[in-house]
Amino acid sequence: MELLKKRIMEEGIVLNNRVLKVDSFLNHQIDPKLFVAIGKEIAARFKDKGIQRIVTIEASGIAVALQVAIEMDVPLVFARKKKSILMTDDVYHSVVYSYTKEENYDVTISKKFLPQGEKVLIIDDFLASGEAAMGLVKLVESAGDTVEGIAIVIEKSFQPGRERLERAGYDVQSLVRIAKFEDDHCVFIDE
């Protein structure tokens with residue numbers, strides 16, 4: 001997606017050839033027009049999959065997933081990183097390691113918001129090791145649902161996430177793929 005790639009080149013900051021900071025438009029401050037374009041692109045890629053529900057993880061995946069849910073006219077549910085005292089019913093549970101925060105999260109989704117037998121699209125802002133996506137896959141499949149695809153906004157292709165997810169049999173669609181960080185800049189994979 002050229003618009004997203006352009007924003008990364010103009011505003012993205014690579015820290016120590018390790019982490020891409022895109023908080024000026026993706027995961028702290030949000031550019032609504034960019035998110036509309038992202039939502040349309042992801043929805044178009046999965047339009048023939050019969051998606052019935054979208055699942056993401058809080059917090060930075062929610063805005064992207066919401067835009068896709070609007071485009072696809074399906075419900076969105078997000079996995080919470082901390083169980084609320086208001087979540088008194090049964091929940092699906094998984095443990096996810098955060099690459100950027102360097103800690104584990106216990107993620108949960110209330111069973112009433114993830115009904116059995118649906119076709120689900122998982123959405124996340126970044127793909128690195130694949131931990132978040134696999135944690136969401138575990139939640140979705142434990143509900144008796146089918147993961148029809150995994151949509152990623154920015155993929156760090158030099159890390160094992162894509163390979164891990166594809167080896168497990170999942171359709172992974174990334175809007176932008178980064179081959180490597182070099183001299184604190186992104187080198188993109190042109191598709």
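## Exercises: salt bridges and cores

The side chains of lysine 40 and glutamate 71 meet in a salt bridge, with 3.4 Å from N to O. This pair comes from a predicted model, so let's work through it and a few others together.

**Exercise 1.** Work out which parts of the chain the pair of lysine 40 and glutamate 71 ties together, and how exposed lysine 40 is.

*Solution.*
- Step 1: Place the partners. Lysine 40 sits in helix H2 (residues 32–45) and glutamate 71 in helix H3 (residues 60–72), so the bridge joins parts that are 31 residues apart in sequence.
- Step 2: Check accessibility. Lysine 40 has 46% relative accessibility and counts as partly exposed; glutamate 71, with a relative accessible area of 32%, is partly exposed as well.

**Exercise 2.** Decide whether glutamate 118 and arginine 53 are buried or exposed, and find where each lies in the chain.

*Solution.*
- Step 1: Start with the contact. The two side chains form a salt bridge at 2.5 Å, N to O.
- Step 2: Locate both ends. Glutamate 118 is in the loop between strand E6 (103–110) and strand E7 (119–127), while arginine 53 belongs to strand E3 (residues 53–57); the two are 65 residues apart.
- Step 3: Look at burial. Both glutamate 118 and arginine 53 are buried.

**Exercise 3.** Find the helix that holds arginine 167 and glutamate 163, then classify both residues by accessibility.

*Solution.*
- Step 1: The side chains meet in a salt bridge of 3.8 Å, N to O.
- Step 2: Helix H5 (residues 161–167) contains both, 4 residues apart, about one turn of the helix.
- Step 3: Exposed means over 50% relative accessible area. Arginine 167 has 63%, so it is exposed; glutamate 163 has 53%, so it is exposed too.

**Exercise 4.** Put these pairs in context: how many salt bridges does the whole structure have, and which residues form a network with Glu155?

*Solution.*
- Step 1: A search of the whole structure gives 16 salt bridges.
- Step 2: Glu155 is linked with Arg162, Glu166 and Arg177 in a network of salt bridges.

**Exercise 5.** Now turn to the nonpolar interior: describe the largest nonpolar core and the surroundings of isoleucine 154.

*Solution.*
- Step 1: The largest nonpolar core has 33 residues; among those touching the most other members are Leu4, Ile8, Leu20 and Ile154.
- Step 2: Elements giving two or more residues to this core include helix H1 (2–11), strand E8 (146–156) and strand E9 (172–182).
- Step 3: Leaving aside residues up to four places away in sequence, isoleucine 154 touches residues including Leu4, Ile8, Leu20, Phe126 and Val176.
- Step 4: A second, separate core of 26 residues includes Val96, Val107, Ile109 and Leu127.

How values were computed:
Residues numbered from 1 in each chain as written. Predicted model: local features only at pLDDT ≥ 70, side-chain atom pairs only at ≥ 80, totals over all residues. Heavy atoms only, no water. Salt bridge = Lys/Arg side-chain N within 4 Å of Asp/Glu carboxyl O. Buried < 20%, exposed > 50% of the residue type's maximum accessible area, 1.4 Å probe, protein only. Core = buried A, V, L, I, M, F, W, Y, C linked by side-chain atoms within 4.5 Å. Contact = heavy atoms within 4.5 Å.
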